[in-house]
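User: I am new to reading structures and would like to go through this one slowly, with each term explained when it comes up. Could you start with the ground rules?

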Amino acid sequence: MPKLSIEQKRMRLMVLHYQTLLLHKLPEVELRFVRDDKNLGMYYPYESIEMSLDFIERLPFNESKDTLLHELAHHMHQVEYSWNYPDKDIPEIDWHNDDWKMCCKFLGAKPEATYKDKKSN
């Protein structure tokens, strides 16, 4: 398979994002692409998922795909388990607990807390 460009990866992630929201009847959460050399992906409850273009550019597509599904699992976990705080003041919780792992498995993501960059080992 030929190497995908950053734009091709970005477009595939956008399609996966919206397909997953629609398929699982999840409320809209914005997908943003940002420059971040520390985090491959971040979930901001009920607001957005951020994906790092720095990582997307250099990693195989499947790593970025898994990260997006990981972040969508956080969204599903929050929605399914009614962690809906109107004032957005979410108490300290274990974001990578067994319920979240179940959401990961359901969406097809590895139920692991963080991406381990092979370059940093």
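Analyst: Two strands are said to pair if DSSP finds at least two bridges between them. Helices (H or I, at least four residues) and strands (E, at least two) are themselves DSSP runs, numbered from the N terminus. This is a predicted model, in which local features need pLDDT of at least 70 and side-chain atom pairs count only at pLDDT 80 or more, whereas totals for chains, interfaces and linings use all residues. Residues are numbered from 1 along each chain as its sequence is written, and side-chain values use heavy atoms, leaving out hydrogens and water.

User: In what pattern do the helices and strands follow one another along the sequence?

Analyst: The protein has four helices and three strands. Read from the start of the sequence, these elements follow the pattern α-β-β-β-α-α-α.

User: In what order do the three strands lie in the sheet?

Analyst: β1 joins β3 (residues 48-52) through five bridges, and these two strands run parallel; one of the pairs is Glu 30 with Ser 48. β2 and β3, in contrast, pair in the antiparallel sense over four bridges, and Met 42 has Glu 50 in β3 as its bridge partner. The pairing is therefore mixed in this open sheet, where β1 (30-34) and β2 (41-44) stand at the edges with a single partner strand each, so that one side of each has no neighbour in the sheet. The order is β1-β3-β2.

User: Which residue in the turn between β2 and β3 has a positive phi?

Analyst: The two strands form a hairpin, with three residues between them. A positive phi of about 60 degrees belongs, in that turn, to Tyr 46.

User: Which side chains of β2 point to one face and are buried?

Analyst: A residue is buried under 20% relative accessible area, exposed over 50% and partly exposed in between, using a 1.4 Å probe and protein chains only. The side chains alternate along β2, and Met 42 and Tyr 44 point to one face and are not buried. The buried ones, which point to the other face, are Gly 41 and Tyr 43.

User: How many of the 20 residues of α3 are buried?

Analyst: Helix α3 (residues 61-80) packs on the sheet and touches β1, β2 and β3, where contact means heavy atoms within 4.5 Å. One of its residues is Thr 67, which counts as buried at 9% relative accessibility and touches Leu 40, Gly 41 and Met 51, not counting residues up to four places away in sequence. The helix as a whole is mostly covered, and its count of buried residues is 16.

User: How far from the closest cysteine sulfur is the sulfur of Cys 104?

Analyst: A disulfide is a pair of cysteine sulfur atoms within 2.5 Å, and a search of the whole structure finds zero of them. Cys 103 is buried at 4% relative accessibility, and Cys 104 is buried too, with a relative accessible area of 0%. The closest cysteine sulfur to that of Cys 104 lies in Cys 103, too far for a bond, at a distance of 7.4 Å.

User: What share of the 121 residues counts as buried?

Analyst: This figure takes in the whole protein rather than one helix or strand, and it uses the cut-off for buried residues explained above. Of the 121 residues, the share that counts as buried is 40%.

Notes:
Axes fitted to C-alpha atoms, helices over the stretch in contact; angles between N-to-C directions.
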